[in-house]
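Trainee: Could we go through this model together, one question at a time? I'd like to see how each answer is reached.

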Amino acid sequence: MSTAALPRVPVRLGRFVLRMFRPHVYATYGVLWVFALEGSAAALSGSAWRPTAATAVRAASVVLVLLFLRMLDEQKDLAHDRVHHPDRPLVTGAITASELRGAMTVITVVVAAANATLSPAAVLLVLLPLAYALVLPAVEAASAAVRERPLLNLAVTYPVQVLLGGYVCLSAAGPGTLTAGWRAVPLLALCACVFLHFEFARKTAWESAPDDRLYSSVLGPAGSAAVALALVAGAVVCDVLLFRPTTVVGLLPCLAALLPAVAARRFLTARHGRWPLPPAMGYIVVTYLALVLQAVFPP
């Protein structure tokens, strides 16, 4: 890269972020996820919870890791995008792979430095999902099955989210802080069900092209819809087991299940098109907001 081109890099990266990362979506998800996890862990340990400077570090770290993963995915899928998505920034040259790798390096340094203000363990925990993610391109390059089979690909890639959730819970735990103990496992399972519902919803349709890599192409539209609904049911079960809600605020995570239920009815009745995404996105926002409210205003 020439010296003259360097001043244009932030602008190109900014355009990439606005188009491919959509900060209002990913940042909202990341912040709510951290608040819901940390606040719920505090509530389960019987501690009062309010966001702190450490919470802000964790939330910013999660958002930056999500951006890192989006940049990595763009490079990992380049061969596929050249054929099926020729308008993507990396294909058109709106951004280059070296520029993305440079930004990923900066993200890694910033995230590590920010977490060094919390503890050495936090640095290790936040770098684990990045390290795991960096192995995935080689795994997909070596295995056509991992590349082409949606369910297998999900099984191989989803641990990144697990490691990221583990970072939030474990970096917030310690003497005098959060001690949710074994209940952190069903709490992480609850959040996994919420996220995976959206993941299945966005890849469920009645019609599909061979390159879509939809779960409904493997399970059938009704089967994929059933999994999406089962994940919502799993989230409700985890919430009830963890919190035994009796108040209106406590019941909100369960009531949020009405959104995917309505979406499922629309999808299965129409028998064409894709699963409506606004209810799936709304389900994430309402559920995580409800968990935050439950932590801030305990019964």
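**Salt bridges and core**

Mentor: A search of the whole structure turns up 13 salt bridges, a salt bridge being a side-chain nitrogen of Lys or Arg within 4 Å of a carboxyl oxygen of Asp or Glu. This is a predicted model, where local features need pLDDT of at least 70, side-chain atom pairs count only at pLDDT 80 or more, and totals for chains, interfaces and linings use all residues. Residues are numbered from 1 along each chain as its sequence is written, and side-chain values use heavy atoms, with hydrogens and water left out.

Trainee: Which residue forms a salt bridge with Arg-88?

Mentor: Side chains of opposite charge can pair when their charged atoms come close. For Arg-88, the closest N and O atoms of the pair are 3.8 Å apart. The partner of Arg-88 is Glu-74.

Trainee: How many residues apart in sequence are the parts that Arg-88 and Glu-74 tie together?

Mentor: Helices here are DSSP runs (H or I, at least four residues), numbered from the N terminus. Arg-88 sits in the loop between helix H4 (78–84) and helix H5 (89–92), while Glu-74 belongs to helix H3 (residues 53–76), so the parts they tie together are apart by 14 residues.

Trainee: Is Glu-74 buried or exposed?

Mentor: Buried means under 20% relative accessible area, exposed over 50%, and partly exposed in between (1.4 Å probe, protein chains only). Arg-88 has 22%, so Arg-88 is partly exposed. Glu-74 has just 1% relative accessibility, so Glu-74 counts as buried.

Trainee: Lys-76 and Glu-140 also meet in a salt bridge. How many residues apart are they?

Mentor: Their N to O distance is 3.1 Å. Lys-76 is in helix H3 and Glu-140 in helix H7 (residues 120–142), so the pair links distant parts of the chain. The separation is 64 residues.

Trainee: And which of these two is partly exposed?

Mentor: Glu-140, at 6% relative accessibility, counts as buried. The value for Lys-76 is 23%. That makes the partly exposed one Lys-76.

Trainee: Which helix gives the largest share of the largest nonpolar core?

Mentor: A nonpolar core is a set of buried Ala, Val, Leu, Ile, Met, Phe, Trp, Tyr and Cys residues joined through side-chain atoms within 4.5 Å. The largest one has 83 residues, and Trp-33, Val-62, Met-71, Trp-275 and Tyr-288 touch the most other members. The largest share, 11 residues, comes from residues 184–202, helix H11.

How values were computed: Helix = DSSP H or I, 4+ residues; strand = E, 2+ residues; numbered from the N terminus.
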